[in-house]
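Reader: I would like a close look at one part of this model, followed by an account of how that part sits within the rest of the chain. Please take it step by step and keep to what can be computed from the atoms.

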Amino acid sequence: MNGQLWALLYDSFFKILIPGIFTTIPLTIISFSCALFIGICTALVQFANVKFLKDFARFYIWIIRGTPILVQLYLVFYGLPGLGIMIDPFPAAVLVFSINEGAYSAETMRSAFESVPSGQIEAGLCSGMSYFQTFRKIVLPQAFRTAFPPLSNSLIAMVKETSLAANITVTEMFMATQRIVARTYEPLALYIEVALIYLAFSTILTKVQRVAEKKINFFS
């Protein structure tokens, strides 16, 4: 580790961090928010046991969980133009990450909904609440407490998975690092540096997760 290498790492740090703040983090937040919406809707369809919609939801989950996310990225960004559908890199990445994580979130939420005792639902209906009110006031709060830890872990995992977006030319942290490596020929040091930045992001989210879990348990 000579002085020239330290200077390179210092100079590249902000060139990697800035895409992380302005691309990696927004990509993660937008994708995970959409995935959570997809997951809840898909889980509700299965929980309500609507035959046709339930079969469609199971088919969606089977396809998405059974194929690699990198293949899904390539299909959307490089494959769809063959059908005349052009999508810019960032929206394509959001679309794929949302649909992919939505399938996993759907299973998390489904199991969380099913963990709520059926007797509580019956009690809510007997007390005069509608099915929607019973679900919103009784089922959803309990299910969310159950699902919060695995969903938080999925969010942390997504921060790291966004590095795959570099394969469809999204200029996030990993793509920025690759460009610096191509110019400087210092792959070991630079890839360690970007790994440490990912680690820092994940560590911050882990600490936030623990604080949030304590608050949820306190108010439950």
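Author: In this predicted model, Ile 18 is partly exposed, with a relative accessible area of 46%; the value falls between the 20% under which a residue counts as buried and the 50% over which it counts as exposed, and therefore the label is the intermediate one. The residue is found in helix H1, which covers residues 3-48. On the surface, Ile 18 belongs to a nonpolar patch of about 660 Å², to which Tyr 10, Phe 13, Phe 14, Ile 21 and Phe 22 also contribute. For the chain as a whole, the exposed area is about 12400 Å², and carbon and sulfur atoms supply 70% of that area.

Helix H1 also takes part in the interior, since it is one of the elements that give two or more residues to the largest nonpolar core. That core has 26 residues, and those with the most contacts inside it are Ala 93, Phe 97, Phe 113 and Ile 168. Besides H1, the elements giving two or more residues to this core are helix H3 (69-79), H4 and helix H6 (131-161), with H4 providing the largest share, eight residues. Phe 113 offers a detailed view of the packing: leaving out residues up to four places away in sequence, its side of the contact list holds Ile 40, Ala 43, Leu 44 and Phe 47, together with Phe 135, Val 139, Leu 140 and Ala 143. Apart from this core lies another one, of 15 residues, which includes Val 159, Met 173, Val 194 and Ile 197.

Helix H4 (residues 89-114) carries a polar residue as well, Glu 107. Glu 107 has a relative accessible area of 12% and is therefore classed as buried. Its side chain is joined to that of Arg 58 by a polar contact of 2.8 Å. Beyond its neighbours within four places in sequence, Glu 107 is in contact with Arg 58 and also with Gln 46, Ile 61 and Arg 65.

A second buried polar residue can be followed in helix H8 (residues 187-219), where Gln 209 lies. Because its relative accessibility is 10%, Gln 209 counts as buried. Once neighbours within four places in sequence are set aside, the residues in contact with Gln 209 are Phe 148, Pro 149, Ser 152, Asn 153 and Ile 156.

Between H6 and helix H7 (173-184) runs a loop, and Ser 163 lies in it. Although Ser 163 and Met 175 are 12 residues apart in sequence, their C-alpha atoms are 7.6 Å apart in space. Ser 163 touches Glu 172, Phe 174 and Tyr 198, again not counting residues up to four places away in sequence.

To place these details in the overall fold, the chain has eight helices and zero strands, and read along the sequence it follows the pattern α-α-α-α-α-α-α-α. Its C-alpha atoms fill a box of roughly 75 × 50 × 25 Å, taken along the principal axes. Of the 220 residues, 38% are buried, Glu 107 and Gln 209 among them. Among contacts between residues at least 6 apart in sequence, 75% join residues at least 24 apart.

How values were computed:
Residues are numbered from 1 along each chain as its sequence is written. This is a predicted model: local features need pLDDT of at least 70, side-chain atom pairs count only at pLDDT 80 or more; totals for chains, interfaces and linings use all residues. Side-chain values use heavy atoms; hydrogens and water are left out. Helices (H or I, at least four residues) and strands (E, at least two) are DSSP runs, numbered from the N terminus. Buried means under 20% relative accessible area, exposed over 50%, partly exposed in between (1.4 Å probe, protein chains only). A polar contact is a pair of N or O atoms within 3.5 Å; within protein, one must be able to donate a hydrogen and the other to accept it, and residues adjacent in sequence count only if both atoms are side-chain atoms. Contact means heavy atoms within 4.5 Å. Patches are made of residues with over 30% relative accessible area and no salt bridge: like charges are joined within 9 Å, nonpolar side chains (Val, Leu, Ile, Met, Phe, Trp, Tyr) within 5 Å. Accessible areas come from the Shrake-Rupley method with a 1.4 Å probe; for residues, only the protein chains shown count as cover. A salt bridge is a side-chain nitrogen of Lys or Arg within 4 Å of a carboxyl oxygen of Asp or Glu. A nonpolar core is a set of buried Ala, Val, Leu, Ile, Met, Phe, Trp, Tyr and Cys residues joined through side-chain atoms within 4.5 Å.
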